[in-house]
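Let's walk through this model together, one element at a time. Keep the 3D view open and turn it as we go.

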Amino acid sequence: MRAPAPAVVAAADARRLLLHAQGLADDPAAQRPATSRFVARLVERMGFVQVDTISTVERAHHLILAARMNAYRPALLARALEKDRTLFEHWTHDASIIPIKWRPHWQPRFERSRHGTWHRKQLGADAERVTQAVLDRIRREGPLSSRDFEHDGPRGKGNSWWSWKPAKLALDHLWRSGVLHVTARRNFHKVYDLAERAVPAGRSSSAAVSEEEHVEWACRTALERLGTATAREVAQFWAAISVKQAEAWLAAAVASGEVVPVTLETADGSSPRKAFAPHDRAARIRRLPEPPPDMRLLCPFDPVLRDRARAKRLFNFDFRFEGFVPAANRKHGYYVMAMLEGDRFVGRADPKFDRAAGVLRVRGVVWEPGVKLTKKRHAAFEAAVEKLAHWIGANSIGIEA
């Protein structure tokens, strides 16, 4: 007997499932407790929040959270990370903020880093001595940052023992290996302490999980936060497992009835994709709230934009971060933010916070093809810019059409 054809999921439903899972289907103006606990729950709902150094407008992790919660303030995230210790900083596909409850699932990464050779190649023959000296000093003195090692003697050249750079490399290696834990950031510099002192009881990497438990966690949590996904997207969500491992888990989940194969339609005219969804996806789609109609500006590292190929397929929105593109070759600008209206991206703009003048300058406003620039839509864009300006503390706005 031939197996039934996979159910078809329309692109509109897939993108609404994604927006809902990533916290963008809720009204950011709704009354919510402005607490570090709520911020931690929001991060857990999304899975993780990417950290980035660029502060053209504000740092990415703050912009991502503020787009979902009008009452968000950076101090709330700092408290969750530094005081409550409900979140921690480490790597997914990039540097990210992650719920501390999942730290045991970082053990495989820690092990790979511990046995890796990168830091030894960088530090040369003194690798073990530098690393041990850094570790011993933190053990004696408590939390330290790379700046605390910067002037430990005359500056050397290259990989010299007395240069500040070796200590910084050693700190990074010990952090990636799970030996050190980031307890705070000061002027965006990581502050490190021993993981055994800083990580709450029960969240230590020593609370090891089996490979089977790790794969199940990675796949289950990824699919919940994507709504629908290919095996590759499931594997890439955490960048913690291989595509083959994701495929094997999805096949078993389909056999048990927990997950169903689907045909995922696209919004950009490309071929439909073979994908997967929770077995109750139809009921979930029926329960989806209407996305808030107000326009929001999303930063380039927002999770719904991070996977450029997925954004193109589901939203027909061809988005690219051009910060590393030579200025002469940029199409839209350095730090372009996307305009989300309901469940549709309607345009993009290139803002920059001129902190000295207290002005949020918005350049290169470009509307998507087919988007009609009505008075209502233009007013919604201006309101979104005003909201962003108020949140970052700008005194005025300059919009260049």
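Five bridges join β3 to β4, and the two strands run antiparallel; two strands count as paired if DSSP finds at least two bridges between them. Before going further, note that this is a predicted model, in which local features need pLDDT of at least 70 and side-chain atom pairs count only at pLDDT 80 or more, while totals for chains, interfaces and linings use all residues. Residues are numbered from 1 along each chain as its sequence is written, and side-chain values use heavy atoms, with hydrogens and water left out. Helices (H or I, at least four residues) and strands (E, at least two) are DSSP runs, numbered from the N terminus.

Back to our pair of strands. β3 and β4 make a hairpin, with three residues between them. To find the register, look at Leu87, whose bridge partner in β4 is Pro99. On its other side, β4 (residues 95-99) is joined to β2 by two bridges, again antiparallel. Here Val49 has Ile97 of β4 as its bridge partner.

Put together, these strands form an open sheet of three, in the order β2-β4-β3, with antiparallel pairing. β2 (49-50) and β3 (87-91) are the edge strands, each with a single partner, so one side of each has no neighbour in the sheet. As background, strands of a sheet pair through backbone hydrogen bonds, either parallel or antiparallel.

How enclosed is β3 by the rest of the structure? Four of its five residues are buried, so β3 is largely enclosed. Buried means under 20% relative accessible area, exposed means over 50%, and partly exposed is in between (1.4 Å probe, protein chains only). Helix α2 (residues 36-46) lies across β2, β3 and β4, and runs at about 110 degrees to β4. That angle is taken between N-to-C directions on a scale from 0 to 180 degrees, with axes as lines fitted to C-alpha atoms, for helices over the stretch in contact; contact means heavy atoms within 4.5 Å. Arg41 belongs to helix α2, and at 45% relative accessibility it counts as partly exposed.

Next, find helix α5 (residues 107-114), where Gln107, Arg109 and Phe110 are buried. Seen down the axis of α5, its buried residues fall within an arc of 160 degrees, so they line one face of the helix. The arc is that of the directions from the helix axis to the C-beta atoms.

Strand β10 (residues 295-298) has both faces covered: Met295 and Leu297 on one side, and Arg296 and Leu298 on the other, are all buried. Four bridges join β10 to β11 (residues 337-341), and the two run antiparallel. Within that pairing, Leu298 stands opposite Ala338.

Now for the charges. The structure holds 25 salt bridges, a salt bridge being a side-chain nitrogen of Lys or Arg within 4 Å of a carboxyl oxygen of Asp or Glu. One of them joins Glu82 and Arg186, with the closest N and O atoms 3.4 Å apart. This pair links distant parts of the chain, as Glu82 is in helix α4 (residues 74-82) and Arg186 in strand β6 (residues 180-186), 104 residues apart.

Arg139 and Asp136 also meet in a salt bridge (3.5 Å, N to O). They are three residues apart in helix α7 (residues 127-141), and so separated by about one helical turn. Arg139 is partly exposed at 40% relative accessibility, and Asp136 is partly exposed at 28%.

A further salt bridge is formed by Glu258 and Arg220 (1.9 Å, N to O). Glu258 sits in the loop between α12 (243-256) and β8 (259-264), while Arg220 is in helix α10 (residues 211-226), 38 residues apart. Salt bridges that share partners join Glu216, Arg220 and Glu258 into one network.

Finally, which side chain of opposite charge is nearest to Lys190? It is Glu89, 4.4 Å away, and Lys190 is buried yet has no salt bridge. Lys and Arg count as positive and Asp and Glu as negative, while His and the chain ends are not counted. Lys190 is found in strand β7 (residues 189-194). Leaving aside neighbours within four places in sequence, its contacts include Glu89, Leu144, Trp175 and Val182.
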